[in-house]
Amino acid sequence: MKVNKMNTVIIMITKLAIKVLKLFGRGTALPGSIALKLNKNILNSLELPKTTIFVTGTTGKTSVAGTLYEIYSDSNYKTVSNIKGSNLLPGVVTAIIESVKINGKTNVDALIVEVDERYVKEVFKFITPKYFIINNLSRDQLARNGHYELVFDEINKSIAPSVHLILNADDPLVTKFSLNKKNKVTFYGLSKNKYSTKKNLIDTLDLGYCPKCHTKLNFKYFNYGNLGYYECPNDDFKRPETEFEGNLKNNILTIKNSKIKLLNDALYNVYNNLACFTTAIIDGLDEELVANSLNNLSLKVKRLTEFNLNGVEGTILLSKNETPLSYNQSLEYIKGKKEDKTVAIGFTRISGRYDLKDISWLYDINFELLKDDSIKRIILIGPFAYDLAVRLKQAGVSPKLFKYCFDYQNSFDYLLENTKGHLYCVVYFDLDYMYLDKLKERNIL
């Protein structure tokens, strides 16, 4: 590989932009955008390190990439990642240019990149990673993604035969990536546990039929959403045998010979840890060191924040609009807590990316989970409060529990004043950021 003078200049300019923007805590996508404008094929001139790990999925990309970054750093690998920035092509370019010298030669031991599932095909035009983690795949953001099978097809066509696939065996749509491929594949999964159920509350399975014979799949149990133990009655397709099987008990995740004390018992967090442990071990890292890293994570769980303010104990659960898999995980987490509780639900805009009016995705969410005697009050926040009330009523939740707060700017104080029991805030990015700012103002975070 030889880098010409023009590309050397581009690398220098990009590195300078990275350094300057880091001073302001910004700019992880902009440097890559600059590099691509100067040379759209700049990635062809850059050397990759021996270990390259890419991760995608509907949820959990940032958490998995961030956790892997800590694991490899703790194991004395010089590591670069895009976890603090864009997971689209410009953000990936920024991370890779940060990982090379000005001559384009790699300057790190490991490159860990999260890639938006919709843009895998764009990134893989230029890069073939050593490992590719697919943690889950489901319906998400209709205006951007269309049907999830379209996303599957685009990712599937982009995977080169040399890529080592690391797949979540519990998700049938992810397992489908292993069909008709010559790639090396490693599966991980979670065994049946106290959170497993025999029935999905709403028939919203993203892969409910065998991809070979199209017979309806039998699910022995669900961990959440589409994830669980499934098999075709004709034995054409089923949950594969896993090389890394997790067992969950009393907030301890056991994998191989290791026990990992989880930051919380949300099942999405369990799967994130499984993906990270699996990848690190098959790449040759020491199991004891990997387990130690997972037991001492400094990485903050992005989607879950706990607080105690003015005598109110609360949990903020970032829940993505238009993404039933994410939203349902929040509701299932609340359902699993047995204390008296108040649940606050709301958002001020439907999409963080588009100007949308479509709220049909509310009917893909298992709001039936809120039919629980431990829930003493439900507070509906923002301009879509009545839309939420209609959906909850349709799910069989008693309207007697409802209180409304249309003034979302002052909704956090309203919640503190009107909470019975533990407060759970199921909110989108807009309110999530607002509430976190309120906690920081009061020196809680």
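**Figure 1. Strand β4 pairs with β5 in this predicted model.** Four bridges join β4 to strand β5, residues 164–168. The two strands run parallel. Within this pairing, Ile133 stands opposite Ile166 of β5.

**Figure 2. Strand β4 also pairs with β1.** Strand β1 spans residues 51–56. Its pairing with β4 is parallel and has four bridges. One contact point is Ile53, whose bridge partner in β4 is Tyr131.

**Figure 3. The side chains of β4 point two ways.** The strand covers residues 131–134. Tyr131 and Ile133 point one way. Phe132 and Ile134 point the other way. All four are buried, with under 20% relative accessible area as the cut-off. Two of these residues also appear in the views above: Tyr131 as the bridge partner of Ile53, and Ile133 opposite Ile166.

**Figure 4. The second largest pocket holds about 530 Å³ of space.** Its lining is made up of 24 residues. Closest to the pocket centre are Tyr195, Thr197, Glu332, Lys335 and Leu369. By class, the lining has nine nonpolar, seven polar and eight charged residues.

**Figure 5. Helices and a strand contribute to the lining of the second largest pocket.** Strand β7 (218–224) supplies at least two lining residues. So do helices α9 (267–282) and α11 (324–335). Which element gives the most to the lining? Helix α11 does, with four residues.

Conventions
Residues are numbered from 1 along each chain as its sequence is written. This is a predicted model: local features need pLDDT of at least 70, side-chain atom pairs count only at pLDDT 80 or more; totals for chains, interfaces and linings use all residues. Side-chain values use heavy atoms; hydrogens and water are left out. Buried means under 20% relative accessible area, exposed over 50%, partly exposed in between (1.4 Å probe, protein chains only). Two strands pair if DSSP finds at least two bridges between them. On a 1 Å grid over the protein atoms alone, a cavity is a set of points where a 1.4 Å probe fits but cannot get out, and a pocket is an open set with protein on both sides within 12 Å along at least five of seven lines; lining residues have an atom within 4 Å of a point. Grid points are joined across faces, edges and corners, and a volume is the space filled by probe spheres set on the points. Ala, Val, Leu, Ile, Met, Phe, Trp, Tyr, Cys and Pro count as nonpolar, Asp, Glu, Lys and Arg as charged, and the others, Gly among them, as polar.
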